[in-house]
Amino acid sequence: MESVWAVVLSLVYSLVAHFICYQAIKNFKDMFIKAGMFGKDLNKTSEEKIPEGLGVVSGAMFLISCFLFIPIPFLDYSELQFTQFICALLSICCMIFLGFADDVLDLRWRHKLFLPTIASLPLLAVYFVSGGSTTIIVPIPLRPLLGYDLHLGVLVYIYMGMLAVFCTNAINILAGVNGVETGQSVIIGTSIAVFNVIEIARDQFAAKHLFSLYLILPFIAVSLALLRHNWYPSKVFVGDTLCYFAGMTFAVVAILGSFSKTMLLFFIPQVFNFLYSVPQLFGIIPCPRHRLPKFDRATGLLGMSYAKFSPDQMGPGGAALLKTLSFLRLAKVEWSPPSGKEKKAEISVNNLTIINYLLKFIGPTHERTLTIYIMTVQVVGTIIAFSIRYGFVRFFYDVVQ
Ligand code: UD1
Ligand code: MG
């Protein structure tokens, strides 16, 4: 009963945080431009300066809201849960700080991969001291081979560190269209909240899901405030700060709530986007600074964007990979033979993002409509995730009814 009141108060805190955050972004955005933190909207004709990195305001509002919430459930709780909450906030706070540093300094890709690993250390430490399990239950089809459970030891910590790296970067690379970074974060956050509520109602590890809810509700609230400014036509850009903040919050609640597999199911579009991006991320084919869709000034619509390069710029296996992608109709590839004496052959391939892949089917689209389509894909992903979690799961694990 007490926890019902704590959830109600968490909702009230979140609502207040939402309105303050919305106003704070409005008040602070010009200061960002004055401080030189702005970008150009690449999909617009106007040259207007758009303030960049406003995710830091939502991050700060989230932290304040969570700090003020601590006395509500945690004074009565065990010392352990209090420590877990503080360490969860420490990891998220560290990630916001490093994300903001990235926005200010425009770090390189190898640094971006490194930052979430560092920020997840407080989380891994509290998992360790709270006697976190390093044993996994083997899925039913594999049990004749591996037995009922497996002791993975240190591999579990490596997995958790990698989960933080994946969640943060996966959101950051599904980007470039107004509202997409924040929109996906709000939908994934809401999916997690719905999952938590269902599990609490089924009385399944209710304490862990309550813990997750106390973090995810204010997260949704401040992200929604940011989305209202970031929706087409964007008045502010969210920066890598928001992507890291969101990814780390999801990793934290999933690890401490012991539902990382379900959480990954909510990342279905991001998983596909990551897998499709692998050739560009790992340098098998060149990756331009921006892979966002191409804006057609004449029509005002967005179409597929292309990477153009000569064959010698590809890594090993690049040619075979392009042929396969083209054969499977997974990418639009064009080879132009060398023309004249000096000129080299040129290859053109659409940037490997699911946003471009979507545009391959629907053709040139208005930016707002494209965001709505991407959000629809995300919601369909959530519906599939819930069907797997509550339907097909019985083929893999012993389910408690
Ligand atoms: C990631 C993507 C990159 C994409 C970029 C867009 C990879 C490997 N990296 O890079 O392909 O182009 O995000 O966010 O996939 N911008 C817009 N409209 C928007 C959002 C952003 O024009 O709706 C532009 C603005 O110029 C803004 C800049 O993108 O200043 C921000 O890019 P940034 O977040 O720094 O790019 P990355 O995260 O490095
Ligand atoms: Mg980014």
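The following paragraphs describe the metal site, the pockets and cavity, one strand pair, the cysteines and the backbone geometry of a predicted model. Residues are numbered from 1 along each chain as its sequence is written, and chains are lettered from A and ligands numbered from 1 in the order in which they are written. Because the model is predicted, local features need pLDDT of at least 70 and side-chain atom pairs count only at pLDDT 80 or more, while totals for chains, interfaces and linings use all residues; side-chain values use heavy atoms, with hydrogens and water left out.

The magnesium ion (ligand 2) has as its protein donors Asn172, through OD1, and Asp240, through OD, at 2.0 to 2.1 Å. Donors are taken as N, O and S atoms within 2.8 Å of the metal (3.2 Å for Na, K and Ca), and sites may look incomplete because water is not among the atoms. The two donor residues, 68 residues apart, link distant parts of the chain, with Asn172 in helix α8 (residues 154–172) and Asp240 in helix α11 (residues 239–256). Helices (H or I, at least four residues) and strands (E, at least two) are DSSP runs, numbered from the N terminus. Asn172 and Asp240 are both buried, where buried means under 20% relative accessible area, exposed over 50% and partly exposed in between (1.4 Å probe, protein chains only).

Open and enclosed spaces were located on a 1 Å grid over the protein atoms alone: a cavity is a set of points where a 1.4 Å probe fits but cannot get out, a pocket is an open set with protein on both sides within 12 Å along at least five of seven lines, and lining residues have an atom within 4 Å of a point. Grid points are joined across faces, edges and corners, and a volume is the space filled by probe spheres set on the points. The largest pocket has a volume of about 1300 Å³, and among its 36 lining residues Ile137, Ser258, Phe259, Lys261 and Tyr397 lie nearest its centre. Elements that each supply at least two residues of this lining include α8, α11 and α16 (367–390), and the largest share, 5 residues, comes from α12. The lining of the largest pocket divides into 22 nonpolar, 8 polar and 6 charged residues, where Ala, Val, Leu, Ile, Met, Phe, Trp, Tyr, Cys and Pro count as nonpolar, Asp, Glu, Lys and Arg as charged, and the others, Gly among them, as polar.

The second largest pocket has a volume of about 1000 Å³. Of its 38 lining residues, Asn172, Glu181, Asp240, Arg289 and His290 are the closest to its centre, so that the magnesium donors Asn172 and Asp240 are among them. Two or more residues of this lining are given by each of β1 (38–40), α4 (79–105), α5 (109–119) and α11, and β1 gives the most, with 3 residues. By class, the lining of the second largest pocket has 16 nonpolar, 11 polar and 11 charged residues.

The search for cavities of 30 Å³ or more gives a count of 1, and the largest cavity has a volume of about 30 Å³. Ser10, Tyr13, Ser14, Ser65, Cys66, Phe69, Tyr214 and Pro218 line this cavity, with at least two lining residues from each of α1 (2–34), α2 (55–69) and α10. The lining of the largest cavity has 5 nonpolar and 3 polar residues and no charged ones.

Strand β7 (residues 306–309) presents a covered face, formed by Ala307 and Phe309, and an uncovered face, formed by Tyr306 and Lys308. This strand pairs with β9 (residues 346–350) in the antiparallel sense over 4 bridges, a pair of strands requiring at least two DSSP bridges, and the bridge partner of Phe309 in β9 is Ile347.

No disulfide, defined as a pair of cysteine sulfur atoms within 2.5 Å, is found in a search of the whole structure. The closest cysteine sulfur to that of Cys66 belongs to Cys93 and is 11 Å away, too far for a bond. Cys167 is likewise in no disulfide, the nearest cysteine sulfur, in Cys243, being 12 Å away. Cys66 counts as buried at 1% relative accessibility, and Cys167 is buried with a relative accessible area of 0%.

Most residues other than glycine have a negative phi, and most peptide bonds are trans. A cis peptide bond, with omega of about -10°, joins Tyr232 and Pro233, and Pro233 lies in the loop between α10 and α11. Asp203, although not a glycine, has a positive phi of about 60°; Asp203 is located in the loop between α9 and α10 and is exposed, with a relative accessible area of 60%. Arg329 also is not a glycine and has a positive phi of about 60°; Arg329 lies in the loop between α14 (318–327) and β8 (333–336) and is exposed at 63% relative accessible area.
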